[in-house]
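Work through these exercises with the sequence and the 3D view side by side. Try each task before you read its solution.

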Amino acid sequence: MELESRNFKRLYKRQINNQTLRANLSKATLQAVGNRAESFREIDFEFLRERAKQVKQEAISNLNGYLSQYQDAAQRNGCKFFFAQSAETARAYVLGLALKHNVRTIVKSKSMVTEEIEVVPFLMRHGIETIETDLGEYIVQLAGEKPSHITTPAIHKSRDEIAALFHDKLGSAVNSDPKFLTAEARRVLREKFLSADMGISGANFLVAETGDAVIVENEGNARLSTSAVRLHVIVTGIEKVIPKFSDLRVFMRLLARSSTGQKLTSYISIIRGPRRESEKDGPEEVHVVLVDNGRSSLLGTEYQEVLHCIRCGACLNVCPVYRNIGGHAYGSVYPGPIGSLVTPLYFGEKHSPDLPFASSLCGNCTEVCPVGIEIHHHLLSLRRDIVNINHSKRERFLFKSYRKAVLRPGRYELFGSVARVLSKFGLLNSVMKGWTTTRELPVFPKQSFREIYRSDKEFLNLPAGRRAHY
Ligand code: SF4
């Protein structure tokens with residue numbers, strides 16, 4: 001994945017000054033937060049969260065076992081299986097399939113993993129028309145942008161902006177009524193569904209026990225992308241596996257509520273394999289591409305539970321940083337608090353050293369996470385790791401000196417005296433440059449506490465018992 005996240009400082013400055021963007025984000029995220037809170041009133045969130053956490057812990061702690069169980073079951077159901085260690089191998093497999101079957105047009109439903117491996121631009125470069133069919137994804141594809149949210153890709157756009165985009169790209173009348181805009185998108189996409197040879201989808205869950213791939217959605221486009229084509233390819237991450245079919249009961253109650261505040265999404269598709277003889281529709285072939293792309297490097301580490309994420313997007317909606325800068329500022333397909341973890345953990349800390357610092361550590365994200373990931377604690381740990389990797393020699397020298405100083409009273413005093421002299425001549429700010437860009441240094445007093453203490457003869461001459469009452 002091409003990462004821009006190393007440019008976070010430049011990207012967020014551009015976004016934070018965009019008042020329209022901030023207004024759009026604020027409106028949409030506040031509504032999602034309100035809907036979520038309302039929907040959880042009627043069920044025991046803490047109980048379900050604990051249960052979901054247990055299921056995910058079981059699945060991820062025994063990932064190899066559950067993956068091979070899933071693979072066996074999926075193959076018994078007639079699916080073909082490919083394990084992709086990297087984005088390149090996943091893309092090459094999908095392209096190979098498309099070329100083998102003379103595919104001209106592909107319809108694709110929403111999937112973060114396909115964004116991650118950038119399969120759409122790759123297929124387009126090879127002359128295969130690949131259309132996003134989720135409305136939000138379709139909007140950002142038309143705009144030539146990337147999604148700015150995990151579940152609502154076009155959250156940064158207002159209705160008027162979308163109307164202008166449709167006018168420009170589709171020749172539609174300028175009308176920002178959501179019904180009109182949806183009908184326009186449907187008009188174009190129906191044609192694509194009817195002419196497509198291949199469908200690509202993700203999967204929200206893979207059930208090891210039965211070999212099922214489960215997709216939740218609201219628009220019906222995923223169902224069409226997976227059933228109205230002769231070839232269906234599921235591209236998803238290895239961490240999506242859960243042990244049992246009955247585990248879905250827990251996740252189905254948590255996922256939609258956390259994401260949009262719905263009790264359930266409008267569609268839940270459970271895909272077991274290709275069309276059977278007795279069935280009238282469905283693809284002739286179903287391929288499952290399981291993508292690792294850095295995920296397995298988290299196994300056995302303190303960050304393993306990051307793999308529990310079910311991509312509900314709730315942590316983005318409550319994050320004060322995300323709400324002010326939006327998803328594009330993160331320079332990664334995974335924005336917000338979970339993106340600030342996933343991006344450096346999957347693709348390497350060196351590529352995104354600033355992301356774990358893009359958090360106020362308020363803990364809102366951890367509080368709403370339906371699988372109980374300690375997001376802000378992990379962000380703090382990643383900061384530690386990144387500091388260990390990336391700190392300059394100057395910073396290391398300063399912190400080492402500070403450590404030495406505070407451990408010895410004499411040195412501490414000397415350190416304080418030097419700081420007071422630098423402060424007096426206005427030099428301390430330049431020594432602390434970086435830290436003082438966004439913070440103010442306190443004004444140093446003329447005398448340190450120790451100096452005042454030593455000069456207070458009256459106090460020092462008091463008997464020890466009376467000093468306590470001084
Ligand atoms: S980290 Fe938790 S809250 Fe954030 S997207 Fe993942 S499951 Fe949802």
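**Exercise 1. A strand and its neighbours**

Task: Find out how β4 and β7 run relative to each other, parallel or antiparallel.

Solution. Note that the model is predicted.
- Step 1: Locate β4 at residues 198–201.
- Step 2: Follow its pairing to β7. Four bridges join the two strands, and they run parallel.
- Step 3: Pick one bridge as a check. G199 has H232 of β7 as its bridge partner.
- Step 4: Look for another partner of β7. Strand β10, residues 285–291, pairs with β7 over seven bridges, in the parallel sense. In that pairing, G237 stands opposite V291 of β10.

Strands of a sheet pair through backbone hydrogen bonds, either parallel or antiparallel.

**Exercise 2. Buried or exposed?**

Task: Decide whether the residues of β7 are buried or exposed.

Solution.
- Step 1: Take residues 231–237, which make up β7.
- Step 2: Apply the cut-off. A residue is buried under 20% relative accessible area.
- Step 3: Count. Seven of the seven residues are buried, so β7 is largely enclosed by the rest of the structure.
- Step 4: Check each face. L231, V233, V235 and G237 are buried on one side. H232, I234 and T236 are buried on the other.

**Exercise 3. An open sheet**

Task: Give the order of the strands in the four-stranded open sheet, and name its edge strands.

Solution.
- Step 1: Read across the sheet. The order is β8-β5-β6-β9, with mixed pairing.
- Step 2: Find the strands that pair on one side only. These edge strands are β8 (241–242) and β9 (267–271).
- Step 3: Examine one pair. β6, residues 212–217, is joined to β9 by five bridges, and the two run antiparallel.
- Step 4: Find one partner in this pair. V216 is bridged to I268 in β9.

**Exercise 4. Two asparagines**

Task: N102 and N293 both have a positive phi. Where does each sit, and is each one buried or exposed?

Solution.
- Step 1: Recall the background. Most residues other than glycine have a negative phi.
- Step 2: Read the angles. The phi of N102 is about 50°, and that of N293 is about 45°.
- Step 3: Place N102. Its loop lies between α5 (87–100) and β2 (105–108).
- Step 4: Place N293. Its loop lies between β10 and α13 (314–317).
- Step 5: Compare with the cut-offs, under 20% for buried and over 50% for exposed. N102 counts as exposed because its relative accessibility is 62%. N293 counts as buried because its value is 14%.

**Exercise 5. The largest pocket**

Task: Describe the largest pocket by volume and by lining.

Solution.
- Step 1: State the volume, about 2,000 Å³.
- Step 2: Look at the lining. It has 50 residues, of which F399, M432, G434, W435 and R439 are closest to the pocket centre.
- Step 3: Ask which element gives the largest share. The answer is α19, with eight residues.
- Step 4: Sort by class. The lining has 29 nonpolar, eleven polar and ten charged residues.

**Exercise 6. Cavities and cysteines**

Task: How many cavities of 30 Å³ or more are there, and what lines the largest cavity?

Solution.
- Step 1: Count them. There are three.
- Step 2: Take the largest cavity. It holds about 110 Å³ of space. Its 14 lining residues include C309, C312, C315, C369 and P370, the closest to its centre.
- Step 3: Sort this lining by class. Twelve residues are nonpolar, one is polar and one is charged.
- Step 4: Test two of the cysteines. C312 is buried because its relative accessibility is 6%. C315 is buried too, at 9%.
- Step 5: Move to the second largest cavity, of about 80 Å³. It has 15 lining residues, and C319, P337, S359, C362 and C365 lie nearest its centre. Ten of its lining residues are nonpolar, five are polar and none is charged.
- Step 6: Look for disulfides. The test is a pair of cysteine sulfur atoms within 2.5 Å. The count is zero.

**Exercise 7. Distances**

Task: How far apart are the C-alpha centres of the two domains?

Solution.
- Step 1: Set the bounds. Domain 1 spans 43–298 and domain 2 spans 394–467.
- Step 2: Read the separation of the centres, 58 Å.
- Step 3: Try a residue pair. I386 and I270 are 116 residues apart along the chain, and their C-alpha atoms are separated by 41 Å.

Definitions and conventions:
Residues numbered from 1 in each chain as written. Predicted model: local features only at pLDDT ≥ 70, side-chain atom pairs only at ≥ 80, totals over all residues. Heavy atoms only, no water. 1 Å grid on protein atoms, 1.4 Å probe; cavity = no way out; pocket = protein on both sides within 12 Å on 5 of 7 lines; lining within 4 Å. Points joined across faces, edges and corners; volume = space filled by probe spheres on them. Nonpolar A, V, L, I, M, F, W, Y, C, P; charged D, E, K, R; others polar. Domains from an automatic or database assignment. Buried < 20%, exposed > 50% of the residue type's maximum accessible area, 1.4 Å probe, protein only. Pairing = 2+ DSSP bridges.
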